[in-house]
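Here are a few short exercises to work through with the model open beside you. Try each task before you read its solution.

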Amino acid sequence: MPAAEGSVKYKKDKNDNYAINLSIKHLSAPDRLVESRNTYVLWTNTENNGIKNLGQLKSSSALFSKALKSELKTATPFEPKSFFITAEKKADISYPDGQVVLKTK
């Protein structure tokens, strides 16, 4: 996604979970991709527990804005090492199947 840009922040909370806050701008609708999909899913690579599905991105656009905004606030007991977003046919999957559209360095 050449135009998409975003940020992800996470921190350990008092319950030893990791609170994650993702915000993205200019992410086109998943049905507009070359391989049309229905949703975007956020994933994390963890140190000892492999790849984990963190949830479906919520998308919205302002009434007079062309910028599509997506966000996700969630928590996980697994320590994140990196993040990536895929375009998927459905959100409740255990392993990524679709195209990676954004990833952290």
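**Exercise 1.** Which residue in strand 4 does Val41 stand opposite?

*Solution.* Keep in mind that this is a predicted model. Start with the pairing: strand 3 and strand 4 (residues 51-56) run antiparallel and are joined by five bridges. Next, look across from Val41, and you will find Gln56 in strand 4. Finally, follow the chain from one strand to the other: strand 3 and strand 4 form a hairpin with four residues between them. Gly50, in the turn, has a positive phi of about 70°.

**Exercise 2.** Find the strand that eight bridges join to strand 3, and give its direction.

*Solution.* The partner is strand 7, and the two run antiparallel. To locate the pairing, take Thr46, which stands opposite Pro80 in strand 7.

**Exercise 3.** Decide whether Leu42 is buried or exposed.

*Solution.* First place the residue: Leu42 belongs to strand 3 (residues 39-46). Its relative accessibility is 1%, and buried means under 20%, so Leu42 counts as buried. Then check its surroundings. Leaving aside residues up to four places away in sequence, Leu42 touches a set of residues including Ile20, Leu22, Leu54, Leu72 and Phe84. Now widen the view to the strand: seven of the eight residues of strand 3 are buried, so the strand is largely enclosed by the rest of the structure.

**Exercise 4.** Describe the lining of the largest pocket.

*Solution.* Begin with its volume, about 180 Å³. The lining has 13 residues, and Gly6, Ser7, Leu102, Lys103 and Thr104 lie nearest the centre. By class, eight are nonpolar, three polar and two charged. Strand 1 supplies the largest share, four residues.

Notes
Residues numbered from 1 in each chain as written. Predicted model: local features only at pLDDT ≥ 70, side-chain atom pairs only at ≥ 80, totals over all residues. Heavy atoms only, no water. Buried < 20%, exposed > 50% of the residue type's maximum accessible area, 1.4 Å probe, protein only. Contact = heavy atoms within 4.5 Å. 1 Å grid on protein atoms, 1.4 Å probe; cavity = no way out; pocket = protein on both sides within 12 Å on 5 of 7 lines; lining within 4 Å. Points joined across faces, edges and corners; volume = space filled by probe spheres on them. Nonpolar A, V, L, I, M, F, W, Y, C, P; charged D, E, K, R; others polar. Pairing = 2+ DSSP bridges.
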